[in-house]
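Reader: I've got a model open and I'm not sure how to read it. Could you walk me through a few features?

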Amino acid sequence: MADTIQTLEDLSTLKPAAAPAPPKYVQKLDKQGRAYATGKRKDAVARVWIKMGAGTIVVNERPVETYFARPVLRMLIQQPLVAANRQGQYDVVCTVSGGGLSGQAGAVRHGLSKALMRFEPDLRPVLKRGGFLTRDPRVVERKKYGKAKARRSFQFSKR
């Protein structure tokens with residue numbers, strides 16, 4: 001803007017700056033043809049690799065049926081594949097640590113969603129709409145001094 005605008009006619013000749021183009025998402029694979037992503041939930045961290053295959057899911061070198069015995073947790077992990085209509089098409093290998101089983105299942109779901117997006121960037125709108133790409137920020141509140149737990153006070157009696 002070297003020229004200064006003197007009249008309203010000059011203002012109408014100016015053109016608005018073009019909006020920046022949205023980022024392009026490209027497929028990111030390693031040498032073995034796998035897509036990798038890290039998922040997190042509460043204190044759990046999951047490292048997830050996916051590749052084309054028969055649909056087997058292995059968690060910490062064990063089948064998903066033995067690692068996550070509760071059907072609800074297995075359903076939670078399958079949600080991104082069901083939303084993208086890709087169940088039975090990818091082999092999933094993941095290592096997960098920290099937290100409890102529920103947090104670990106959420107971390108695997110988050111990592112699987114991100115890995116799916118890296119394998120097939122066209123799935124991003126479907127996964128984003130389902131809320132699978134967003135890391136759940138809720139964590140346990142810390143204990144405060146003078147309290148029994150995070151907010152619970154000690155029992156009070158006048159006597």
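**Reading rings and a helix**

Author: Sure. Keep in mind that this is a predicted model. A good place to begin is with two aromatic residues: Tyr-90 and Phe-119 are both buried.

Reader: How are the rings of Tyr-90 and Phe-119 arranged?

Author: Planes over 60 degrees apart count as edge-to-face. Here the planes are at 80 degrees and the ring centres 5.1 Å apart, so Tyr-90 and Phe-119 form an edge-to-face pair. This pair links distant parts of the chain, with Tyr-90 in strand E5 and Phe-119 in helix H4, 29 residues apart.

Reader: How many aromatic pairs does the whole structure have?

Author: A search finds 3. One of them is Tyr-67 with Phe-68: their centres are 4.9 Å apart and their planes at 80 degrees, so this pair is edge-to-face. Tyr-67 and Phe-68 are buried too.

Reader: What about Ser-113 in helix H4, is it buried or exposed?

Author: Buried means under 20% relative accessible area. Ser-113 has 0% relative accessibility, so it counts as buried. Beyond its neighbours within four places in sequence, Ser-113 contacts Pro-80, Leu-127, Phe-132 and Leu-133.

Reader: Where does helix H3 bend?

Author: The bend is at Ile-77, by about 40 degrees, with Pro-80 following within four residues.

Reader: Which residues of H3 are buried?

Author: An α-helix has 3.6 residues a turn, so residues three or four places apart point the same way. In H3, the buried ones are Leu-73, Ile-77, Pro-80 and Leu-81. Their cover includes strand E3, helix H2, E5, H4 and helix H5.

Note on methods:
Residues numbered from 1 in each chain as written. Predicted model: local features only at pLDDT ≥ 70, side-chain atom pairs only at ≥ 80, totals over all residues. Heavy atoms only, no water. Phe/Tyr/Trp six-rings, centres within 6.5 Å; stacked < 30°, edge-to-face > 60°. Buried < 20%, exposed > 50% of the residue type's maximum accessible area, 1.4 Å probe, protein only. Helix = DSSP H or I, 4+ residues; strand = E, 2+ residues; numbered from the N terminus. Contact = heavy atoms within 4.5 Å. Bend = angle between axes of the 7 residues up to and from the residue.
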